[in-house]
Amino acid sequence: DNGEGEEVTPAIYTLISAAKQEKEDDERRRVLYVALTRAKEKIILSASSKSDAIETKSKSMDLGVLWPGLEKAGVAEKLIPFEEKDALPPQPGLPDDFAAPTIIQTQGLKPSISTVRVTGLGDYERCPKLFKYKYVDGHPGIGEGGTGAARLGTLTHLALEKEIADPDALRRLVAGMTDEETQTAIDFANVFRSHAEFKEVNGCIASKEVDLSLEVDGLILTGVADAVGDDFVLDYKTDKEMEPEHHKLQIWAYTKALGKSKGYLAYLRHDKLHRFESHELMGLDETAKKIVVGIREGDFAATPSITACRFCSYREICDEKSEEV
């Protein structure tokens, strides 16, 4: 209020507003420049009219800024007359009739699988239905045995990766572990560090927890190698049973992806190092390709056996398990 009942704009407010407007105009010019210089062949600029574009420059400035340059360059404006019929929105109606499909799908759809953990190769080889439960259906399995074993394996791998020898230090890294599980994991890690059976690889490890991927006939196999040396890949196992045949395809994928010639399985519960020589691993190429074909074709027919079904986490829900289990 100027004292005479009239409202006036303070000079400082006018200056601030002008500075703000100038900053916004500069930014809009910058954006306009970026937009115009992205075109490859043609730019279409539109406004309700030439006069509107110029007169409303402060509100819709793009064409107003460009008009002087367009006129100097001889770019003519094209008037598009208003047609009421063109301004009407499209009316909904019945869809056009469609012809019957020429190809009718009569077979069931196959699952689309593009990526699988390398351990899935061994699971499929043991029993394709086991693979389906685990990787296609995502079923966690029945019972606590598999979960407890997986937990112990995770702890042991962590103790070896981080060079942890103290149970308390390991317990602080993973919540929910029992004292017995933590101590057992430390014991397994110490076995690998000190037992003579593992001496030949223990001092030759160059890197740990190495991510890898391998493409086989369009299927991507992914995994993490526990330990890698100059010419070998090593995987730690805390399994109750030693089954190197079940894990040979996993080691094959590791060596293939990382360009190593040999693979080892360190069975920490049994103080045993199982060796896969290069000639053994090279012979698994065709086996792996056949498994990949089966996975991509959706062939998950069960192959029950005492070995496959005895420790299977899905035997309680599988109606094709071996009758001898």
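Helices in this tour are DSSP runs of H or I with at least four residues, and strands are runs of E with at least two, numbered from the N terminus. With that in mind, and remembering that the model is predicted, begin by selecting Glu-163, which sits in the loop between α7 (145-161) and α8 (167-173). Its phi is near 55°, a positive value in a residue other than glycine, and at 52% relative accessibility Glu-163 counts as exposed because the cut-off for that class is over 50%. For background, most residues other than glycine have a negative phi.

Next, move to Glu-209 in strand β2, where a positive phi of about 50° is again found in a residue that is not a glycine. With a relative accessibility of 27%, Glu-209 is classed as partly exposed.

Now select helix α13, residues 285-297. At 1.5 Å a residue, its 13 residues should span 18 Å, and the end C-alpha atoms are indeed 18 Å apart, so the expected and modelled values agree. Which residues of α13 are buried? They are Ala-288, Ile-291, Val-292, Gly-294 and Ile-295. These residues cover an arc of only 160° around the axis, which means that they lie on the same side of α13. An α-helix has 3.6 residues a turn, so residues three or four places apart point the same way. If you add the partners to the view, you will find the buried residues of α13 packing against α5 (119-126), α6 (128-136), β2 (207-216), β3 (219-228) and α11 (244-258). Just beyond the end of the helix, Gly-298 takes a positive phi of about 75°.

Keep α13 on screen and show α11 beside it. The two helices pack at an angle of about 105°, with their axes 11 Å apart, and they are therefore roughly perpendicular to each other. On the α11 side the contact is made by Leu-249, Trp-252 and Lys-256, while α13 contributes Asp-285, Thr-287, Ala-288 and Ile-291.

Trp-252 is the next residue to centre on. In the largest nonpolar core, which has 30 residues, Leu-221 and Trp-252 touch the most other members. At least two residues of this core come from each of α5, β2, β3, α11, β5 (262-267) and α13, and the largest share, five residues, is supplied by α11. Leaving aside neighbours within four places in sequence, Trp-252 is in contact with Leu-121, Leu-214, Val-216, Leu-221, Leu-281, Leu-284, Asp-285 and Ala-288. Apart from this core lies another, of 25 residues, including Leu-170, Ala-227, Tyr-236 and Leu-268.

Turn then to α5 and α6, whose axes come within 5 Å and cross at roughly 135°, which makes α5 oblique to α6. Their contact involves Thr-119, Gly-120, Asp-123, Tyr-124 and Arg-126 of α5, together with Pro-128, Leu-130, Phe-131, Lys-134 and Tyr-135 of α6.

Two further stops complete the tour. Is Thr-238, in the loop between β4 (232-237) and α11, buried or exposed? Thr-238 is buried, with a relative accessible area of 9%, and, not counting residues up to four places away in sequence, it touches Ala-149, Gly-153, Thr-156, Phe-188, Leu-268 and Arg-269. Finally, select Glu-324 in the segment after α14 (306-310), where the residue is exposed, with a relative accessible area of 65%. The C-alpha atoms of Glu-324 and Gly-259 are separated by 42 Å, and these two residues are 65 residues apart along the chain.

Terms used. Residues numbered from 1 in each chain as written. Predicted model: local features only at pLDDT ≥ 70, side-chain atom pairs only at ≥ 80, totals over all residues. Heavy atoms only, no water. Expected span 1.5 Å × (residues − 1). Buried < 20%, exposed > 50% of the residue type's maximum accessible area, 1.4 Å probe, protein only. Arc of directions from axis to C-beta. Contact = heavy atoms within 4.5 Å. Core = buried A, V, L, I, M, F, W, Y, C linked by side-chain atoms within 4.5 Å. Axes fitted to C-alpha atoms, helices over the stretch in contact; angles between N-to-C directions. Parallel < 35°, antiparallel > 145°, perpendicular 65-115°, else oblique.
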